[in-house]
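Grab the model and work through these exercises with it open on your screen. Each one sets a task and then walks through a solution.

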Amino acid sequence: MNGTSPALRSKRKEPPQTMDGRLPKHPRPNGDASSGGANTPDHHHDGFASESDYEDDRHLPLLPAGADTAEWQATIQKVVRNVVSIRFCQTCSFDTDPALTSEATGFVVDAERGYILTNRHVVGSGPFWGYCIFDNHEEVDAYPVYRDPVHDFGILKFDPKAIKYMPVTALELRPDLAKVGVEIRVVGNDAGEKLSILSGVISRLDRNAPEYGEGYSDFNTCYYQASAAASGGSSGSPVVNIDGFAVALQAGGRVDGASTDYFLPLDRPLRALRCLQEGRPITRGDIQCQFLLKPFDECRRLGLTPEWEARVRQAFPHETNMLVAEIVLPEGPSHNKIQEGDVLVEVNGELLTQFIRLDDILDSSVGQPVRLLLLRGGEEVEVEIEVGDLHKITPDRFLSVAGGSFHDLSYQQARLYGVACKGVYVCEAGGSWRFDSAENGWIIQTVDQKKTPDLATFIEVMKNIPDKARVVVTYKHLRDLHTLNTTIIYVDRHWSKKMKLAVRNDETGLWDFTNLADPLPPVPPVPRKAAFIQLEHTSHPAVADLVRSFVHVSCTMPVKLDGFPKNRKWGMGLVIDADKGLVVISRAIVPYDLCDITITIADSIVVEGKVVFLHPLQNYAIIRYDPSLVDAPVLSARLGSEELTQGAATYFIGYNRIGRIVHAATTVTEIFAVTIPANSGAPRYRALNVDAITVDTSLSQHCGSGVLVAQDGTVQALWLTYLGERNPSTHRDEEYHLGLATPSLLPVVRQIQQGLTPRLRMLPVEFRAIQMSQARLMGVSESWIDQVWVANSHHHQLFMVTKRTMSRLDEAAEAGAAAADSLEEGDILLSLNGNIITRISDLDVMYSHERLDAVVVREGQERALRLTTVAADDLETTRAVSFCGAIFHAPHHAVRQQISKLFSEVYVSARTRGSPAYQYGLAPTNFITHVNGKPTPDLESFLKEVVKVPDNTYFRLRAMTFDSVPWVVTMKKNEHYFPTMELIKDPTEPCGWRRVTYEGGHVILGEGPDGVMAPAGESTDTDLDVGVCDN
């Protein structure tokens, strides 16, 4: 039976592997433009993302052609001049294609007009940004001018005059020469190699189109089969015979040991090419029914009668298959006329067994009826069906609004799931539209209680929803149309204000962007009433009453900064001043202040929050809401001033993973100086120099937010989520749930309550606790050890410097300034300002002193130092530049903690899939030191140089990896999709940040006219929903 292959090979090439969790320095020597790795987003499945969107990611080893005859050698010599390597970016998600960077093969089919034939899964559903490299390494820009809605071929256009050092010739398409037993060569860019020639013999001409799982798949055509073992990157290679004619197009293959490749017949590509050459439209007809080739024995079981079989065999003596209906789309032209299992016999009175002839008839009958004679269970059924326009059910536009992208459901997706070809499809579920599941495949049913059957209706509904509105959205998944999902979204029209309609332009090969509507202003909030729940089964009323201090905090980050791996986090916050609306929350929930914060009080009142303070080391943030909007008995939590001790009884109250309050009486099991592991792949905020508390209840590890409470209701510790390293096995970010004693918060809270901005200072080092046995061996005297026993009877410990943080003082010292006393790695700290240091809390003295008198043991010798603390005011990121799809800013605090030398103040923090940064291999954690040979020590000089670079031209970046390896990357600028943008913290702006766009030589205050919606995901690498508040 003709079927699909169970183990199909990836048609696009794999990205390179990574080492030590950090992205590779630059692309592979063969020119691979992809670069995945530990920082590559866990898109869709929270694991590594590959540029391969089809089949299995592993490839068979290549089977090169053996020693060829002189005739074959002459043929290959002629063919290779026509074959090009295609490097391309699909700059945004659309239909079945995610935003990605990859490479493939194509070949010239019209040298005069500059047409290149390749695969449709290369060209994609929408425009791509790319170029072709000829055999002599000349490069020329190319763009799609046609992609078939169904079949796996597309046509690119280039300027033949741009090729100056070799004659451009074309391969002639000869679909009539494809025969069983014909020896062929597959000539192309296989597995990323510049040129690979693979040999084979055509073994079948009647295979059904292979299915590649979710995403794009060809159908309603036959495929040829051969043993050639082409691999990723070979997509679009010409399949040539010994005379040098292209007889088929390489499209896919198997990886289960069969070394089998599948080729697309050239009949339909040849027709499309001739239409382009003659300036005629390429009509494509369809009746929304998928047919499969099935052999006579199966057709008999489905109702093929002996009389009809005899007629077919007589008319087509070499045929062994007939066309059988496999999928009939609901509400389509064939609905209620064709049934699954019907055997197609005649079309318009013509006996028919092949897809090629069926395509001919349908393509020439768009808008007209055709008569089909079918056999259904042995009975003849004749139906008349009007042929639809295939281009009309293939989307050519999408809408970007509130962080998501949408278009009408395509025929490809409808056929894949067997559903009606209608509805608003979410092609990029980002921003406000990031539902609980990260899956793709959502169909929007209603927005704000209004039905949205199509994109036009959806646009009108969204135009009337004001910024910051909370509206009800219902949606279904294509895999489960029986289940209606309901959620409430927060409509963000302030970070990215424009509602952009992108329309595919096949003349220019670009998305044309149009702003459909500016956002309506937010509706002013009004005070609302609410009542809190009551905790049951608590013996202490003061503990139960603390529920009135709990609020739900949700934080959404529209731009990735500081290596933070998520775009959205939520947790429980604790109200510490109800009159002023102050709430304390973990920095794993609110990592920086370029964000939207919503605070839900009593599970009823939703108010906006703003960041007031971010602690540089202790893993908490303080945010504020407007208390005048809250008519509820909110309680200010009393923070304890007494330190908890090991074994003390306490009460645990926390938020579990589904946002429910749980509680239990427990005891403190341990208080220790915690060391949160650093993330090697991409430095991001982590707590340092803090004591952590653990308790004896299993609830503690199921709750990322909570408190430890005394019987009188005094909060003794916050229960916080601490962000750790990325697990190399699961590729997930580790989170630790630990307690933070409240006494250390009190000085900061008091200043904020008084209307002051805390001005903390700190020692730029990381400490680790050591025991007395180690301290003695490292030179600590017995008298100091005796003092430790007296000072701290619970923990006999001192603290050793394990890592220095690069501070402004270090940079000044490198610049030649006089070096002040400072702590060095390996120093054991004995005392500060005359007080012995045996607890982490003893270090809090550094927060309020510019100078500290220290006694340390260094290299076995006791030394007195006069230490200068550093200001913590400038540790947070206040400026960033988006350029070529990458985010650049000054190295944030986590970078300074992990690196021993700063190479520049221009640090690559993140990048976007489908961008020049991704294509040319500019990786997060790189430092940029020069642009086109000009030094760029800071963001100001960097921005000045990159703005000078003309659009669509190459430039050079000199970079330094995190591991101190210098390298140079050449990139091409693309302002149409990735305009240069500056993000500047500005308290006078409603959002606290403003945007300046540099596009086409103009400086635009706010958002520019062009630019794509960045792809969503959950990773430092690429999830850039770039948008900043404009006015």
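Helices here are DSSP runs of H or I with at least four residues, strands are runs of E with at least two, and both are numbered from the N terminus. Keep in mind that this is a predicted model.

**Exercise 1. Get the overall picture.**
Work out how many helices and strands the chain has, and what share of its residues is buried.

Solution.
- Start with the count: the chain holds 16 helices and 62 strands.
- Next, burial: 61% of the 1031 residues are buried.
- Then the surface: about 38500 Å² is exposed, and carbon and sulfur atoms supply 50% of that area.
- Finish with the contacts: of those between residues at least 6 apart in sequence, 68% join residues at least 24 apart.

**Exercise 2. Trace the barrel that contains β2.**
Find the strand order of this barrel, and say which helix lies across β3, β4, β6 and β7.

Solution.
- Go round the strands: β2-β3-β4-β7-β6-β5 make a closed barrel of 6 strands, with antiparallel pairing.
- Neighbouring strands of this sheet are turned by 40° against each other on average, ignoring direction.
- Look at one pair: β2 (residues 83–90) and β5 (residues 129–133) are antiparallel and share 5 bridges. I86 has C132 in β5 as its bridge partner.
- Now the helix: α3 lies across β3 (100–110), β4 (115–118), β6 (139–147) and β7 (154–158), and runs at about 160° to β4.

**Exercise 3. Do it again for the barrel that contains β32.**
Give the strand order here, and name the helix that packs on the sheet.

Solution.
- The order is β32-β33-β34-β37-β36-β35, 6 strands that close into a barrel with antiparallel pairing.
- From one strand to the next, the twist averages 40°.
- Zoom in on β36 (residues 605–614) and β37 (residues 620–624), an antiparallel pair with 4 bridges. Within it, L614 sits opposite A621 of β37.
- Helix α10 (residues 746–753) packs on the sheet and touches β33 (568–577), β34 (582–586), β36 and β37; its direction makes about 20° with that of β37.

**Exercise 4. Describe a helix pair.**
Decide how α3 and α6 are oriented to each other, and which residues meet.

Solution.
- What do you need to begin with? Two packed helices are described by the angle and the distance between their axes.
- The axes of α3 (residues 267–278) and α6 (residues 355–363) come within 10 Å and cross at roughly 30°.
- The cut-off for roughly parallel is an angle under 35 degrees, so α3 and α6 are roughly parallel to each other.
- Now the residues: D267, R268 and R271 of α3 meet I356, D359, D360 and D363 of α6.
- Sorted by class, this contact has 1 nonpolar, no polar and 6 charged residues.

**Exercise 5. Compare two loop residues.**
H137 and D562 each have a positive phi without being a glycine. Find where each sits, and decide whether each is buried or exposed.

Solution.
- Place H137 in the loop between β5 and β6; its phi is about 70°.
- With a relative accessible area of 55%, H137 is exposed, since the cut-off for exposed is over 50%.
- Place D562 in the loop between β32 (550–556) and β33; its phi is about 60°.
- D562 has 8% relative accessibility and so counts as buried, the cut-off being under 20%.

**Exercise 6. Explain a buried strand.**
Why is β53 described as largely enclosed, and which strands pair with β53?

Solution.
- Count the buried residues: they are 4 of the 5 in β53 (residues 879–883), so β53 is largely enclosed by the rest of the structure.
- One partner is β60 (residues 980–985), antiparallel over 4 bridges; there, R879 is bridged to I984.
- Another is β54 (residues 886–889), also antiparallel over 4 bridges, with S882 opposite I887.
- Check the turn: β53 and β54 form a hairpin with 2 residues between them, and C884 in the turn has a positive phi of about 55°.

**Exercise 7. Sort the side chains of β13.**
Say which residues of β13 point which way.

Solution.
- In a regular strand, side chains alternate between the two faces of the sheet.
- In β13 (residues 261–264), D261 and F263 point one way, Y262 and L264 the other, and all are buried.
- For the pairing, 3 bridges join β13 to β10 (residues 222–226), and the two run antiparallel. A226 stands opposite D261.

Key: Residues are numbered from 1 along each chain as its sequence is written. This is a predicted model: local features need pLDDT of at least 70, side-chain atom pairs count only at pLDDT 80 or more; totals for chains, interfaces and linings use all residues. Side-chain values use heavy atoms; hydrogens and water are left out. Two strands pair if DSSP finds at least two bridges between them. Axes are lines fitted to C-alpha atoms, for helices over the stretch in contact, and angles run from 0 to 180 degrees between N-to-C directions. Contact means heavy atoms within 4.5 Å. Angles under 35 degrees count as roughly parallel, over 145 as roughly antiparallel, 65 to 115 as roughly perpendicular and the rest as oblique. Ala, Val, Leu, Ile, Met, Phe, Trp, Tyr, Cys and Pro count as nonpolar, Asp, Glu, Lys and Arg as charged, and the others, Gly among them, as polar. Buried means under 20% relative accessible area, exposed over 50%, partly exposed in between (1.4 Å probe, protein chains only). Accessible areas come from the Shrake-Rupley method with a 1.4 Å probe; for residues, only the protein chains shown count as cover.
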